[in-house]
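Hi everyone, thanks for coming. Today I'd like to walk you through the pockets of one protein and the ligand that goes with it. Let's put it up on the screen.

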Amino acid sequence: MTRFRHLPNRWSISVRLTLWYVVTLVVLLGLFAVFSYVTFHMARHRDFDQHLIHETRQLMPFVRERSGVPVFVALDTLRSVAYQTDGIYGTYVRLLRPDGQVIYESPNFARHDPLPVRVQPVQDVQVYSHTWEGKPARTRYTPLFSEDGRLFGWLEVTGFEWSLHRELHHLGLVLGAGIVLSVLLAAAGGYWLARRALQPVALLTATARQMGADNLEARLPVPNGVQDELTELAETFNDLLARLADSLERERRFTDNAAHELLTPLSALRSELEVALRRPRQAAYYREVLEEALRDVERMTETVRGLLHLARLERTDAHERARPIDLVERCQSRLKDWQLRFERAGLRFETVLPESAWVCVVPEYLDEVLDNLLSNACKYTPPGGQVRLEVHRLNGQIRLRVSDSGIGFAPEEAAHLFDRFYRGRSAEGKPGSGLGLAIVRAIVEACGGSVRAWSPGPGKGSTFEVYWPACPVPVLAS
Ligand code: ADP
């Protein structure tokens with residue numbers, strides 16, 4: 001089959017399949033035809049030999065030895081028995097001396113060309129196929145032995161194999177025509193079947209061709225109740241399209257949000273500067289405007305930095321840089337700073353930490369997650385409230401939980417909090433870019449973890465949880 005791999009690539013699969021099919025069929029039918037032809041040929045020869053044996057048996061009782069040479073007796077009876085018929089249906093009989101010299105030949109030889117003697121000096125029955133006057137003939141030589149076992153001559157019986165070539169020719173024609181017809185029918189049927197079987201692929205190509213970046217809504221039809229390779233292909237293709245459309249939609253939203261987030265402070269900055277430049281002002285006024293402008297620039301820098309960070313997180317392979325870290329130890333090392341910060345914000349800070357909890361993460365990422373969650377809790381909890389940091393060892397997982405008694409959010413917002421640029425309704429008026437939680441999710445997921453958030457409702461506090469697969473405690477080299 002390797003030979004067929006070299007069929008030109010520009011040929012369609014249907015054409016190539018049909019060609020493979022036709023070539024295989026031709027080879028098989030060809031082998032079958034040759035086998036039938038040879039078997040038939042041999043069978044015909046065997047039949048004819050039976051005929052010659054029969055004729056010989058009829059003649060043998062009339063052969064005698066006289067003066068050391070063979071002769072026929074009762075020739076009249078003989079004529080009616082065997083060689084009376086002439087032409088291609090006749091039997092031609094000769095008696096030969098042991099050395100092959102002709103002693104007697106039947107009268108029907110008179111109307112034919114001389115027939116060369118083929119007998120060999122082997123004292124056994126000999127049969128030969130040959131052509132006589134352009135027609136296939138077969139001759140049988142039977143040795144004639146005297147009573148004392150001496151060879152005294154040969155009985156030669158010849159006949160035209162009149163039917164052999166005609167029948168073989170006929171058979172050849174039938175087989176040839178049969179093969180050509182079968183191959184033509186098989187090629188047409190095979191091509192039709194291949195086209196029909198590959199129709200879903202053609203449909204897939206046509207659908208894919210109609211699609212553009214703006215039109216990812218089309219889906220391939222998946223026939224009900226059929227489950228084959230092509231159905232699987234169509235389903236996979238549809239699945240891919242759905243994911244592509246989804247990611248395209250997210251990219252669009254992200255670009256809109258990014259443009260909006262940068263344009264708002266830029267427009268504010270621009271109008272502030274325009275108003276300031278409209279007429280000469282006091283130095284203090286200019287100072288105030290410049291300070292405001294600096295704050296806007298800082299906000300924008302923060303946003304761009306967050307975006308860059310997100311983009312880098314998506315590119316880098318966190319798995320390669322991750323290493324086992326004790327989350328509890330990491331939390332404790334930063335507790336003092338956080339304690340101070342919460343105190344300053346008028347919040348009560350509590351921790352519930354086990355002895356240790358090992359996770360496999362990038363160390364600086366872990367700090368970033370903690371800082372983001374705790375600074376949000378600080379930012380969104382009014383003074384007098386409380387913030388709680390907990391670490392739990394669950395079944396094969398480590399859970400980091402930051403809960404507060406702050407402004408909370410509506411339950412339906414929970415799914416969007418981790419989206420880029422999403423800012424909750426209750427967060428209005430608070431500073432922020434809406435990128436903090438998106439960065440948290442990207443970091444956590446890059447290390448094989450997951451995040452979730454919930455709140456009983458606005459003003460009722462909120463809880464943020466991060467789950468990581470637990471990592472075995474590393475054995476420290478002494
Ligand atoms: P930012 O805080 O800069 O707005 P984040 O991505 O950190 O951006 O948070 C997205 C949104 O999630 C916030 O705007 C806020 O609505 C909500 N959020 C985050 N943390 C809390 C919290 N502790 N309590 C209530 N809402 C929160």
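So, which helices and strands each supply at least two residues of the shell around the ligand? They are α9, α10 and β14. Helices here are DSSP runs of H or I with at least four residues, strands are runs of E with at least two, and both are numbered from the N terminus.

Before we go on, a word on the model. It is predicted, so local features need pLDDT of at least 70 and side-chain atom pairs count only at pLDDT 80 or more, while totals for chains, interfaces and linings use all residues. Residues are numbered from 1 along each chain as its sequence is written, and side-chain values use heavy atoms, with hydrogens and water left out.

Back to the ligand. It is surrounded by 21 residues, where near means having a heavy atom within 4 Å. The closest are N376, Y380, R423, G424 and L437. α9 gives the largest share of this shell, three residues. Sorted by class, the shell has 10 nonpolar, eight polar and three charged residues. Nonpolar covers Ala, Val, Leu, Ile, Met, Phe, Trp, Tyr, Cys and Pro; charged covers Asp, Glu, Lys and Arg; the others, Gly among them, are polar.

Now the polar contacts, meaning pairs of N or O atoms within 3.5 Å. The side chain of N376 has an N or O atom 2.9 Å from a ligand oxygen. From the backbone, an N or O atom of S433 is 2.9 Å from a ligand oxygen, and one of G436 is 3.2 Å from a ligand oxygen. How much of the ligand does the protein bury? Of the 530 Å² that the ligand exposes when taken alone, 98%, with areas from the Shrake-Rupley method and a 1.4 Å probe.

And where does the ligand sit? The space it takes is the largest pocket; sitting there requires more than half of its atoms to lie within 2 Å of the pocket's grid points. A pocket is an open set of points on a 1 Å grid over the protein atoms alone, where a 1.4 Å probe fits, with protein on both sides within 12 Å along at least five of seven lines; lining residues have an atom within 4 Å of a point. This pocket holds about 1100 Å³, the space filled by probe spheres set on the points. Among its 45 lining residues, K379, P431, G432, S433 and G434 are closest to the centre. The largest share of the lining, eight residues, is from α6.

Finally, the second largest pocket has about 420 Å³. α5 gives the most to its lining, seven residues. Thanks for listening!

Notes. Polar contact = N/O pair within 3.5 Å; in protein donor to acceptor, adjacent residues only side chain to side chain.
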